Amino acid sequence: MPTTTVDGAKLSYGDEGKGPALVLLHAFPLSSRMWAPQVQALSDRYRVITPDTRGFGDSPPFGDRQEATMERLAADVVGLLDDLQLDQVVLGGLSMGGYIAMAVMALAPERVRALVLADTRCGPDGEEARHRRSAQQVQVAEEGAGSIAAGMVELLLGDTTRAHHADIVSSVTEEIASASAAGVIGALQAMKHRDDSTGLLGTLGQPTLVVVGEEDAISPLDEAETMVAILGEPTLATIPGAGHLSNLENPEAFNSALASFLSALEDD
Ligand code: MLT
């Protein structure tokens, strides 16, 4: 995978296809590999760029967990766009990727032609979520990322996938188990202190697609509906038979919603 350097940090990213640029930011604690079904479906018409967030895939982690902020992760994305000389892109993020995408909207909204927010939420962590993340940081520091894999898979994947798609269950479990402890700890740090993006969403003028897996237990339908109400008139796509990782669990429905959104942008 190609790499760039942003503010002294190496960042790895996928870059496939030719056409209007689409940047897709992955969920926690996965990597750019989770976008394989979208790269495969869309790279004949779009340039699909899939960064590895710091600490995941081939991107090294923050040196110190205190440096790990959503703003820094957003600056990494903008730095990558600078390096690739892309003035404007369609920016999409799933879950943690959505948090980063919203932080990019706060930092450099002019770089975003349209936005895709999948299985994510605009509100910040509450006290309980922060405590849970702190406990996970301790667990991962002591026992490694593999120790949270089984519990996370239960939450990330919907009932349908867990009952009928053993291949997805095992590939997501392996992906989590192979994540670096420092990467996981840094991302938890950035997520637990992220800003509330509720006010920001109300100010955005870009066309937006909100996507949610019908069985998403982490960012359920009511979170998507909250974002829809704030955004005004976004497109909403609900993905049947999919949990939180809707792009992996039902790629056909996810790709079809994304492809129609992208082609409507071209007709503008
Ligand atoms: C993700 O999928 O990125 C995470 O579940 C997000 C979170 O823990 O808030």
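In the predicted model, the ligand occupies the largest pocket. The residues around the ligand are A27, F28, S95, M96, Y99, R133, L156, M191, I218 and H244. Oxygen atoms of the ligand engage both backbone and side-chain groups of the protein. One ligand oxygen lies 2.7 Å from a polar backbone atom of F28, and a ligand oxygen is likewise placed 2.7 Å from an N or O atom in the side chain of R133. For H244, the distance between a side-chain N or O atom and an oxygen of the ligand is 2.8 Å. Of the 270 Å² of accessible area that the ligand has on its own, the protein covers 93%.

Two of the residues around the ligand, F28 and S95, are also associated with particular backbone geometry. F28 is joined to P29 by a cis peptide bond, with omega of about -5 degrees; P29 itself belongs to the loop between β3 (21-25) and α1 (36-42). S95, in the loop between β5 and α3 (96-107), adopts a positive phi of about 60 degrees although it is not a glycine. Because its relative accessibility is 8%, under the 20% limit, S95 counts as buried.

A positive phi, of about 55 degrees, is also found at Q85, again not a glycine. Q85 is located in the loop between α2 (70-83) and β5 (89-94). With a relative accessibility of 70%, over the 50% limit, Q85 is therefore classed as exposed.

Helix α12 comprises the 17 residues 251-267. At 1.5 Å a residue, a span of 24 Å is expected for this helix, and the end C-alpha atoms are 24 Å apart, so the two values agree. The buried residues of α12 are P251, F254, N255, A257, L258, A259, F261, L262 and L265. In general, an α-helix has 3.6 residues a turn, so residues three or four places apart point the same way. Among the buried positions of α12 are P251, F254, L258, F261 and L265.

Two further positions were examined with respect to burial and to sequence-distant residues. H193 is situated in the loop between α8 (181-192) and α9 (198-201) and is partly exposed, because its relative accessible area of 48% falls between the limits of 20% and 50%. The C-alpha atom of H193 is 7.3 Å from that of D125, a residue 68 positions away along the chain. V211, by contrast, is part of strand β7 (residues 208-213) and counts as buried at 3% relative accessibility. V211 and L30 are 181 residues apart along the chain, and their C-alpha atoms are separated by 19 Å.

Notes:
Residues are numbered from 1 along each chain as its sequence is written. This is a predicted model: local features need pLDDT of at least 70, side-chain atom pairs count only at pLDDT 80 or more; totals for chains, interfaces and linings use all residues. Side-chain values use heavy atoms; hydrogens and water are left out. Helices (H or I, at least four residues) and strands (E, at least two) are DSSP runs, numbered from the N terminus. The expected span of a helix is 1.5 Å times one less than its number of residues. Buried means under 20% relative accessible area, exposed over 50%, partly exposed in between (1.4 Å probe, protein chains only). A residue is near a molecule or strand if one of its heavy atoms lies within 4 Å of it. A polar contact is a pair of N or O atoms within 3.5 Å; within protein, one must be able to donate a hydrogen and the other to accept it, and residues adjacent in sequence count only if both atoms are side-chain atoms. Accessible areas come from the Shrake-Rupley method with a 1.4 Å probe; for residues, only the protein chains shown count as cover. On a 1 Å grid over the protein atoms alone, a cavity is a set of points where a 1.4 Å probe fits but cannot get out, and a pocket is an open set with protein on both sides within 12 Å along at least five of seven lines; lining residues have an atom within 4 Å of a point. A molecule sits in a cavity or pocket if more than half of its atoms lie within 2 Å of its grid points.
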